[in-house]
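Here is a friendly walk through one protein model for anyone opening it for the first time. Have a look at the sequence and the structure, then read on.

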Amino acid sequence: MGLNYKSIEDFEDSVVLNFGTPIASKDYENLNLNASVLRMKSNVHNALIVLTTQMDVEDYDDILQKLENINVDFLNPEDVNQCVKSNFKDCNTLPNQNLRRPFVLPWSSVWCLFSCWLWQSSYGLILAFLMRFCI
């Protein structure tokens, strides 16, 4: 699961939760502990690259400034990553932030969704929990 914020500096801002393909724990059962940890870390890292915006640490401030200047939609990590990868030549930008408002969840709902995703395995239980406590 990847979290993308509209503005990382503003606490109560818009956030998008991107759910990727589940990583099955049974894929690591037949490996020794060290090999399974290394493989799992690699798989999680590769999954998060697709679900979140990626910027090099060395050039973070410069890249962030360029992205903010052209007004990219930070809630769409796939577009932002393509923009960075193309050296800012292939970028989808927002014409006016007031025209395209993202779906925003209150933090209590975000936490509720995250908790359900993390601790429940049955879609029926998740839906029942959401219907009863979160909506």
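Let's begin with a covalent link: Cys83 and Cys91 are joined by a disulfide, with an S to S distance of 1.9 Å. The term stands for a pair of cysteine sulfur atoms within 2.5 Å, and the structure holds one of them. The model is a predicted one, where local features need pLDDT of at least 70 and side-chain atom pairs count only at pLDDT 80 or more, while totals for chains, interfaces and linings use all residues. Residues are numbered from 1 along each chain as its sequence is written, and side-chain values use heavy atoms, leaving out hydrogens and water.

Back to the two cysteines. The torsion about the S-S bond of Cys83 and Cys91 is about 75°, so this disulfide is right-handed. Cys83 is buried, at 0% relative accessible area, whereas Cys91 is partly exposed, at 21%. Here buried means under 20% relative accessible area, exposed means over 50%, and partly exposed is in between (1.4 Å probe, protein chains only).

Now for charges. Side chains of opposite charge can pair when their charged atoms come close. How many salt bridges does a search of the whole structure find? It finds one, and the partners are Asp62 and Lys66, whose closest N and O atoms are 3.7 Å apart. To count, a side-chain nitrogen of Lys or Arg has to be within 4 Å of a carboxyl oxygen of Asp or Glu. Asp62 and Lys66 are four residues apart in helix α2 (residues 60-69), so about one helical turn separates them. Helices (H or I, at least four residues) and strands (E, at least two) are DSSP runs, numbered from the N terminus. Asp62 is partly exposed at 43%, and Lys66 is partly exposed too, at 36%.

On the surface, Ile23, Met40, Val44 and Leu48 make up a nonpolar patch with about 280 Å² of accessible area together. Such areas come from the Shrake-Rupley method with a 1.4 Å probe, and for residues only the protein chains shown count as cover. Patch members have over 30% relative accessible area and no salt bridge; nonpolar side chains (Val, Leu, Ile, Met, Phe, Trp, Tyr) are joined within 5 Å, like charges within 9 Å. Leu48 belongs to helix α1 (residues 33-51) and is partly exposed at 32%.

What about helix α3 (residues 77-85)? Asn81 is found there, and it is buried at 16%. Leaving aside residues up to four places away in sequence, Asn81 touches Ile49, Thr52, Thr53 and Gln54, where contact means heavy atoms within 4.5 Å.

Strands come next. Strand β1 (residues 2-5) has Gly2 and Asn4 on its covered face, and Leu3 and Tyr5 on the uncovered one. β1 runs antiparallel to strand β2 (residues 15-18), and four bridges join them; strands pair if DSSP finds at least two bridges between them. Leu3 has Leu17 as its bridge partner in β2.

Finally, here are two loop residues with a positive phi, neither of them a glycine.

| Residue | Phi | Loop | Relative accessible area |
|---|---|---|---|
| Asn71 | near 65° | between α2 and α3 | 19%, buried |
| Phe88 | near 70° | between α3 and α4 (107-119) | 22%, partly exposed |
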